[in-house]
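Got the viewer open and a free hand on the mouse? Let's take a walk, one selection after another.

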Amino acid sequence: MDTPGSQSSLHRANLERVLRAVRMAGSLTQAEIARSTGLSAATVSNIVRELKESGTVVVTPTSSGGRRARSVSLSADAGIVVGVDFGHTHLRVAVGNLAHRVLAEESEPIDVDASAAQGFDRAETLVERLLTQTGFRSDKVIGVGLGVPGPIDVETGAIGSTAILPGWTGVEPGRELSSRLGMPVYVDNDANLGALGELVWGAGRGLSDLAYIKVASGVGAGLVISGQIYRGPGGTAGEIGHITLDESGPVCRCGNRGCLETFVGSRYLLNLLNASHGPGLSVPRVVQLAQRGDLGCRRVIADVGRQIGTGVANLCNLLNPRRVILGGDLAEAGELVLSPIRESVARYAIPSAARQLSVVPGTLGGRAEVLGALALVMSEMGDSGALPQPDGSLHPRSVTAVSSGR
């Protein structure tokens with residue numbers, strides 16, 4: 001056992017710092033590792049050589065700023081991760097490695113509101129199919145990231161609001177999927193995973209403070225503060241959909257009146273167009289019609305954008321994020337929705353916060369949450385498990401650990 005403060009303890013800590021930096025970035029040059037960890041170039045060079053000799057990382061020639069460099073990434077033998085994303089109308093599963101390469105991905109329609117058991121059956125089948133497709137055994141899986149469209153109670157691991165997922169009452173999704181797959185499962189809500197996906201792979205790369213706003217049947221925000229997802233002590237941080245806009249407004253599923261969600265959720269948006277366009281519309285279809293010049297659809301999207309902007313302005317006044325990333329089907333409307341959001345931010349946010357803020361669409365589309373699920377495993381897994389043991393082997397993984405994304 002290493003003595004705290006000893007040379008061997010310090011060396012191990014430096015190994016873990018390098019591994020974490022590489023794991024969260026996918027690949028880094030040695031100079032980038034030195035900058036991100038604060039370690040000297042000589043220390044990084046020695047650690048990379050040691051990790052390469054143990055088979056933990058691979059080093060490939062590359063260039064940086066016109067100069068020759070060496071890119072460091074985790075080896076395929078370091079293991080793989082699985083992402084599972086439950087939406088209200090879809091199930092998406094992805095398998096990736098620790099070098100941030102997605103090896104297989106598949107999506108299928110599903111009514112997640114109907115039955116939790118049915119949803120887990122489908123997820124289990126899809127995970128097993130993708131593992132077979134990629135040629136990996138289950139013992140190579142380091143962990144599974146699981147996203148659900150509702151808040152997770154960080155103390156119990158259960159879905160925090162039965163009004164959002166009525167068919168999941170009393171279900172602990174992480175424990176349920178872990179028992180089925182025999183793998184560690186890390187759980188979080190879809191907005192947090194969307195934020196993590198955009199932070200690692202998409203429009204938030206290189207930033208340490210941002211908010212990801214997902215507008216779907218409900219409205220949620222994933223908050224990144226100092227490079228970390230902020231969940232709050234009860235796991236409900238980011239429930240921006242329940243900001244009150246009108247105390248006399250429509251009754252929300254949370255029991256209050258006039259919540260932001262009652263003005264911008266997909267059900268509200270589509271109801272506004274029933275009289276003029278008939279039933280059977282979907283948000284993607286409304287966006288498509290608006291882009292083709294349909295005046296009614298354009299007006300509704302603009303109105304919804306202004307309401308979202310009011311919520312974003314409140315967020316800016318509280319947290320002053322550098323960037324707000326819009327996700328969900330509505331983000332495909334581009335400037336038709338983004339311009340009204342910016343107009344409301346300019347009107348209602350503190351001027352200094354509004355000037356510093358950029359409002360952009362997500363770049364990952366419907367994949368943001370499942371990629372965020374992969375990133376969740378990478379952020380939650382311990383670095384010591386990837387370190388070589390004295391005999392050169394990697395530490396075996398546990399199949400019993402379950403996290404609620406804390």
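**First stop: a pair of neighbours**

Select I225 and Q228: the two are bridge partners, with Q228 sitting in β11. Before moving on, know that this is a predicted model, where local features need pLDDT of at least 70 and side-chain atom pairs count only at pLDDT 80 or more, while totals for chains, interfaces and linings use all residues. Residues are numbered from 1 along each chain as its sequence is written, and side-chain values use heavy atoms, with hydrogens and water left out.

Helices and strands here are DSSP runs numbered from the N terminus (helices: H or I, at least four residues; strands: E, at least two). Two strands pair if DSSP finds at least two bridges between them.

Now widen the selection to strand β10, residues 219–225, which runs antiparallel to β11 and is joined to it by three bridges. Another of the matches to click is V224, whose partner in β11 is I229. The hairpin of β10 and β11 has two residues between the strands, and there S226 takes a positive phi near 55 degrees.

**The sheet around β10**

Colour β11, β10, β9, β12 and β13 in that order: these five strands form an open sheet with mixed pairing. β11 (228–230) and β13 (358–361) stand at the edges with a single partner strand each, so one side of each has no neighbour in the sheet. From one strand to the next, the twist averages 25 degrees. (Axes are lines fitted to C-alpha atoms, for helices over the stretch in contact, and angles run from 0 to 180 degrees between N-to-C directions.)

Go back to β10 and look at its other side. β9 pairs with β10 in the antiparallel sense over six bridges, and a hairpin of three residues joins β9 to β10. To see one of these matches, pick I213 and its bridge partner A221 in β10.

Is β10 mostly covered or mostly open? Mostly covered: six of its seven residues are buried. Buried means under 20% relative accessible area, exposed means over 50%, and partly exposed is in between (1.4 Å probe, protein chains only).

**Helices lying across**

Show helix α6, residues 190–200, next. Helix α6 lies across β9 (210–215), β10, β11 and β12 (323–327), running at about 45 degrees to β10. Then add helix α11, residues 295–319, which lies across β9, β10 and β12 at about 155 degrees to β9.

Now find E369, in helix α14 (residues 368–380). E369 counts as buried because its relative accessibility is 3%. Leaving aside residues up to four places away in sequence, E369 touches D85, D190, L193, G194, Y212 and K214; contact means heavy atoms within 4.5 Å.

**Over to β7**

Select strand β7, residues 141–148: eight of its eight residues are buried. On one pairing, β4 and β7 go together in the parallel sense over six bridges; click G83 and its partner in β7, G145. On another, β7 and strand β8 (residues 185–189) pair in the parallel sense over five bridges, and G147 stands opposite D188 in β8.

**Rings face to edge**

Rings of Phe, Tyr and Trp (its six-membered ring) pair if their centres lie within 6.5 Å; planes under 30 degrees apart count as stacked, over 60 as edge-to-face and the rest as tilted. How many aromatic pairs does this rule give? The count comes to two.

Pick F86 and F120: their ring centres are 5.8 Å apart and their planes stand at 85 degrees, so the pair is edge-to-face. This pair links distant parts of the chain, with F86 in strand β4 (residues 80–86) and F120 in helix α4 (residues 116–134), 34 residues apart. F86 is buried at 0% relative accessibility, and F120 is buried too, at 2%.

F263 and Y268 also form an edge-to-face pair, 5.9 Å centre to centre with 70 degrees between the planes. Here F263 is buried at 13%, whereas Y268 is partly exposed at 26%.

**Last stop: two cysteines**

Finish with C254 and C259. Their sulfurs are 3.7 Å apart, too far for a bond. A disulfide is a pair of cysteine sulfur atoms within 2.5 Å, and a search of the whole structure finds zero disulfides. C254 is partly exposed, with a relative accessible area of 38%, while C259 is buried at 0%.
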